[in-house]
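User: Please take a close look at one residue and its surroundings, and then follow the chain outward to whatever helps to place it. I would like a connected reading rather than a list.

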Amino acid sequence: MVVVKPSIPWKNLTQRSLLKNFSPEDRYWMKEALKWALLGEGLTSPNPAVGAVLVKDGTLIGRGYHRKAGQAHAEIEAIEDAKKRGETVAGSTLYVTLEPCSSWGKTPPCTERIVKEKISRVVAGSPDPNPRNKPRAVELLPSLGIDFSWEILEEALFLNRGFYHRILTGKPWVIGKIAMAIDGSLSAGVGEERWISGIAARTMAHRLRMIADAILIGAQTARADNPRLTIRLVDPKGKIQPWRVIVSRSGNLPGDLFLFTDAFKERTLLFVKMPWERVLGELGSRDVGILLVEGGAEVLHQLIKEGWIQEVSFFLSPLIIGKQPLEDSSTDASFLSMPLELVNPSWQKFDEDMYCHGLLEKGARFLERVRVEYAQ
Ligand SMILES: NC(=O)c1ccc[n+]([C@@H]2O[C@H](COP(=O)([O-])OP(=O)(O)OC[C@H]3O[C@@H](n4cnc5c(N)ncnc54)[C@H](OP(=O)(O)O)[C@@H]3O)[C@@H](O)[C@H]2O)c1
């Protein structure tokens, strides 16, 4: 039994019943496959996180997940696992959280192996929009006599939102993150040691870094806080350090910042006088699926105002600092013409701090478009 929690809780992301077209048995096994997919969360980029289970006569005979780009896909892991257990794969049902690939990438097409192993039924939980897959498994497998069915699972779409966004738009899915005192102050003092949030909330923030391929800050945050932007409070599980991105108009940054001098200095990018569209396009071309923007206020305000942010993660702490209220630090005082409501917001408590998470309409609409368009 695998017990894995998603880095962000799913329960409030949708009001729809996600698995209603599945039989109770299909529902059970797809949930099991999703648990396996989660083990790869944040580790598989530029590939999606995928889990699979093989079931025969109501019994699990194999399971697996995609661990890292270049390594076996989840379907192959599940087949190999079944073989190791001495099980006969022919005639089994494969539950896989993403439509199997039908093209050569770093590994052979999974559809080929499914046919070779005489798997009789495939149930998929989300589409694979990679244009290399021609024809896609949804067309190919039925034409080869394999029963193919699916329900688009919003959990699976959400898990791979960075993959979908990068493939379909060329730009990363952007998560805006900020920590705030209850009076709106965003800064407790000088240096990264002067935290607003407690340790439990900061651990959650490092879990967000775990799912990111890049972390972006404004130059003023770099100058004021000298942050490292590394994954420290959670086990990085061999994850490559996300890109660390600084944006600046002046290019005026001290050379001795950790971002320029530490062990990961090769993973730091400085973009000077680059419009946001180009910054995001540049990161997309570097295979960044999820971009975590960690402030400050000026940068976040611009990205929200221009509609580049899909998801937000706010930490609220019971502190009155009286320092920097949540106002635009640039000249444009009211940066939105009307308030933005979060879609399906969720609140979680981390010790004394509160964590608010939700999608902006842009993000929710994007996932809905994938669900509808690729369900065909
Ligand atoms: N509570 C939190 O979660 C949190 C998180 C981060 C930061 N902070 C705090 O927030 C403060 C800094 O925030 P801030 O709002 O003043 O500044 P900021 O957003 O961190 O950085 C602003 C700077 O970013 C550059 N910049 C802004 N827009 C740009 C654009 N479109 N293109 C290129 N460069 C651009 C400019 O750099 P140049 O000046 O170099 O041209 C600008 O001065 C710090 O005190 C920090 O401690 C708090």
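Analyst: In this predicted model, Thr203 lies in helix α7, which spans residues 199–211. Thr203 counts as partly exposed because 15 C-beta neighbours fall inside 10 Å of it, whereas a buried residue would need 20 or more and an exposed one would have 12 or fewer. Leaving aside residues up to four places away in sequence, Thr203 touches Leu233 and Val234. The C-alpha atoms of Thr203 and Phe350 are separated by 9.3 Å, although these positions lie 147 residues apart along the chain.

Phe350 gives a way into the sheet, since residues 343–350 make up β12, which is one of the two edge strands, the other being β9 (268–272), and each of them pairs on one side only. The sheet itself is open and mixed, with eight strands in the order β9-β8-β7-β10-β6-β11-β13-β12. Its neighbouring strands are turned against each other by 20 degrees on average, direction ignored. Towards the β12 end of that order, β11 (residues 311–317) and β13 (residues 353–359) pair in the antiparallel sense over six bridges, and Phe314 stands opposite Cys356 in β13. Helix α11 (residues 297–305) packs on the sheet, where it touches β6 (173–181), β7 (214–218), β8 (243–248) and β10 (290–293), and its direction makes about 135 degrees with that of β6.

Returning to the chain after α7, which strand pairings and which side-chain directions belong to β7? With β8, β7 pairs in the parallel sense over five bridges, and Ile215 is set opposite Arg244 there. With β10, the pairing of β7 is also parallel, over three bridges, and Ala214 has Leu291 as its bridge partner in that strand. In a regular strand the side chains alternate between the two faces of the sheet. Accordingly, Ala214, Leu216 and Gly218 point one way from β7, while Ile215 and Ile217 point the other way, and all of these residues are buried. The strand is therefore described as mostly covered, with five of its five residues buried, in contrast to the partly exposed Thr203.

From β7 the chain continues into helix α8 (residues 219–225), and β7, α8 and β8 together make a right-handed β-α-β unit. These elements also meet the ligand: 26 residues surround it, and the closest are Gly218, Ala219, Gln220, Gly295 and Gly296. Two or more residues of this shell come from each of β6, β7, α8, β8 and α11, and α8 supplies the largest share, five residues. By class, the shell holds eleven nonpolar, eleven polar and four charged residues.

On the other side of α7 in sequence, β6 is preceded by helix α6 (residues 161–169), in which Arg161, Gly162, Phe163, Tyr164, His165 and Arg166 are buried. These buried residues pack against α5 (154–159), β6, α10 (276–285), β10 and α12 (361–373), so two of the strands touched by α11 also appear among the partners of α6, as the contact definition counts them. Gly170, which follows α6, has a positive phi, near 80 degrees.

Earlier still, strand β5 (residues 147–150) has Phe148 and Trp150 pointing to one face and buried, while Asp147 and Ser149 point to the other and are not buried. Four bridges join β5 to the parallel strand β4 (residues 121–124), with Val122 having Phe148 as its bridge partner. The chain passes from β4 to β5 through helix α4 (residues 137–143), and this β-α-β crossover is right-handed.

For the chain as a whole, the setting is one of twelve helices and 13 strands, with 42% of the 376 residues counting as buried. Among contacts with a separation of 6 or more, residues 24 or more positions apart account for 76%.

Note on methods
Residues are numbered from 1 along each chain as its sequence is written. This is a predicted model: local features need pLDDT of at least 70, side-chain atom pairs count only at pLDDT 80 or more; totals for chains, interfaces and linings use all residues. Two strands pair if DSSP finds at least two bridges between them. Axes are lines fitted to C-alpha atoms, for helices over the stretch in contact, and angles run from 0 to 180 degrees between N-to-C directions. Two residues are in contact if their C-beta atoms, placed from the backbone, lie within 7 Å. A crossover is right-handed if, with the strands pointing away from the viewer, the path from the first strand over the helix to the second runs clockwise. A residue is near a molecule or strand if its C-beta atom, placed from the backbone, lies within 6 Å of it. Ala, Val, Leu, Ile, Met, Phe, Trp, Tyr, Cys and Pro count as nonpolar, Asp, Glu, Lys and Arg as charged, and the others, Gly among them, as polar.
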